[in-house]
Amino acid sequence: MTELRSNKNKKKKSWKKRILWIFLIILAVVIGYAIYLFSTVFGAAQESHQELERPEGKSELREETVTIGDDPISILLIGVEDYETDGKNGRADTQIVVTLNPDTNQMSMTTVPRDTRMEFTEEEAQQYAGTHKINAAYTYGSIYNYNDSETNGGNMLTVKKVEELLNIPIDEYVTVNFDGFSKIVDALGGVTVDIKEPFWEKNFYTNDRINFEEGVSKLDGEEALAFVRMRKREVNAIYSREERQQQFIQAAIDQAISTGTLFKVDELSSILGENISTSLSPNEIYQLQRFYSSMSSSDINKYEIEGSNQRINGTYYFVPTDEGLSTVTRQLREELGIDTSPDTNSTTTQEETTLN
């Protein structure tokens, strides 16, 4: 009997050891994978990081520096067309101002129309100083190395002109090219959107027609790029490019939160390093994910700049109204917790708004 009890005890100890070893192996794998994730993402984020070279590390429209997760911040999303220039001196196809407020857990999106009419100084555009569309800021900034930056002039001048237009500080930026956008959507496993109006657009990569039918549809990378880029079809008048871009970003946020993108780190990291530049440091990217990963599309406010499309001296521009600019400025300053009194809520009046 004693021998039998001894054998049972040995078996129990043996199983305990096996369970302990299995647990330790799993723990080692998890820790190793976590280290791998950190090193991979950190390396890719470092490769993409291009700081905004500004005095005291902040916008001139800020009295004090802001901290992600602690303070309301603004981020300029820049979509760049650079396929015709081999990745150099492209132009900003999309500019969206995003605000994030940790106190209210609110997010806002404001699209800056790419054709917005603005004045460029000689410092900004050199011999081409004068009236241009705001999306030219990326081009001139890149070509002429704005602020003596050989690699980041386009982003810096784009940020400056958006600040000038809206009279708000832009704290950070994220720039992505077409390939990056398409690959991110595919890495998410596609993004599901509720298409409000049917239309078609050419596939950027194959030139084939992509038909978008009314209703819920899951878009892959190439389809998503066509969805957010279309602006020349008649339906754009009632289902605008700006509305579709904001709708898509909302859907992408929900998709990113709901899917296991963590396990696609290799794919996402390669996209980050090759196709995206940002002033956000790896730590700031982590803080963004930490504080805002639970945010849903219901927490997003969408603002629109009122104005009209006008042909001036043979060129089509979007000309904001003074009232439209003031309204958006006030809304965004409220989102950012900045003084909205009349003397701080004025935007630069542009002479071209009086032209016909």
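In the predicted model, Arg91 is partly exposed, with a relative accessible area of 38%. Its salt-bridge partner is Glu81, and the closest N and O atoms of the two residues are 2.6 Å apart. Glu81, in contrast to Arg91, is buried, at a relative accessible area of 6%, which falls under the 20% limit for a buried residue. Arg91 belongs to strand β2 and Glu81 to strand β1, so the pair ties together parts that are 10 residues apart in sequence.

A second salt bridge from strand β2 involves Asp93, whose side chain meets that of Arg114 at 2.6 Å, N to O. Because Asp93 lies in strand β2 and Arg114 in the loop between β3 (106–111) and β4, this pair ties together parts that are 21 residues apart in sequence. Asp93 and Arg114 are both buried. The two pairs are part of a network of salt bridges that links Glu81, Arg91, Asp93, Arg114, Asp115, Lys133, Arg229, Arg231 and Arg241.

Arg233 and Glu201 also form a salt bridge through their side chains, with an N to O distance of 3.2 Å. This pair links distant parts of the chain, with Arg233 in the loop between α6 (221–229) and α7, and Glu201 in strand β8 (residues 199–202), 32 residues apart. The relative accessibility of Arg233 is 23%, and this residue counts as partly exposed. Glu201, at 12% relative accessibility, counts as buried. The count for the model comes to 17 salt bridges.

Asp93 and Arg114 also line an internal space. A search of the whole structure finds 1 cavity of 30 Å³ or more, and about 40 Å³ of space lies in the largest cavity. The lining of the largest cavity consists of Asp93, Thr94, Gln95, Thr111, Val112, Pro113, Arg114, Arg241, Glu242 and Gln245. Elements β2 and α7 are those that give two or more residues to this lining. By class, the lining of the cavity holds 2 nonpolar, 4 polar and 4 charged residues. Asp93, Arg114 and Arg241, which are among the lining residues, also belong to the salt-bridge network described above.

The second largest pocket has a volume of about 610 Å³. Its lining comprises 23 residues, and those nearest the centre of the pocket are Pro113, Asn236, Glu242, Asn309 and Phe318. Two or more lining residues come from each of α7 (241–258), β12 (300–303), β13 (307–312) and β14 (315–320). Helix α7 provides the largest share, with 4 residues. The lining of the second largest pocket has 10 charged, 7 polar and 6 nonpolar residues. Pro113 and Glu242, named here among the residues nearest the pocket centre, also appear in the lining of the largest cavity.

The largest nonpolar core contains 33 residues, and Leu76, Val97, Val162 and Leu166 have the most contacts inside it. The elements giving two or more residues to this core are β1 (73–81), β2 (91–101), β4 (117–120), α3 (136–143), α4 (153–166) and α10 (322–335). With 6 residues, α4 gives the most. When residues up to four places away in sequence are not counted, Leu76 touches Gln95, Ile96, Val97, Thr158, Val159, Val162, Ile170, Glu172, Tyr173 and Val174. Another core, of 24 residues, lies apart from it and includes Val193, Leu219, Ala224 and Ala252.

Helix α3, one of the elements that contribute to the largest core, is mostly covered, with 7 of its 8 residues buried. The buried residues in α3 are Ala136, Ala137, Tyr138, Thr139, Tyr140, Gly141 and Ser142. Just after α3, Asn145 adopts a positive phi of about 50 degrees.

Lys183 is located in helix α5 (residues 178–187). At 37% relative accessibility, Lys183 counts as partly exposed. Lys183 and Asp220 are 37 residues apart along the chain, and their C-alpha atoms are separated by 9.0 Å.

Definitions and conventions: Residues are numbered from 1 along each chain as its sequence is written. This is a predicted model: local features need pLDDT of at least 70, side-chain atom pairs count only at pLDDT 80 or more; totals for chains, interfaces and linings use all residues. Side-chain values use heavy atoms; hydrogens and water are left out. On a 1 Å grid over the protein atoms alone, a cavity is a set of points where a 1.4 Å probe fits but cannot get out, and a pocket is an open set with protein on both sides within 12 Å along at least five of seven lines; lining residues have an atom within 4 Å of a point. Grid points are joined across faces, edges and corners, and a volume is the space filled by probe spheres set on the points. Ala, Val, Leu, Ile, Met, Phe, Trp, Tyr, Cys and Pro count as nonpolar, Asp, Glu, Lys and Arg as charged, and the others, Gly among them, as polar. A nonpolar core is a set of buried Ala, Val, Leu, Ile, Met, Phe, Trp, Tyr and Cys residues joined through side-chain atoms within 4.5 Å. Buried means under 20% relative accessible area, exposed over 50%, partly exposed in between (1.4 Å probe, protein chains only). Contact means heavy atoms within 4.5 Å. A salt bridge is a side-chain nitrogen of Lys or Arg within 4 Å of a carboxyl oxygen of Asp or Glu.
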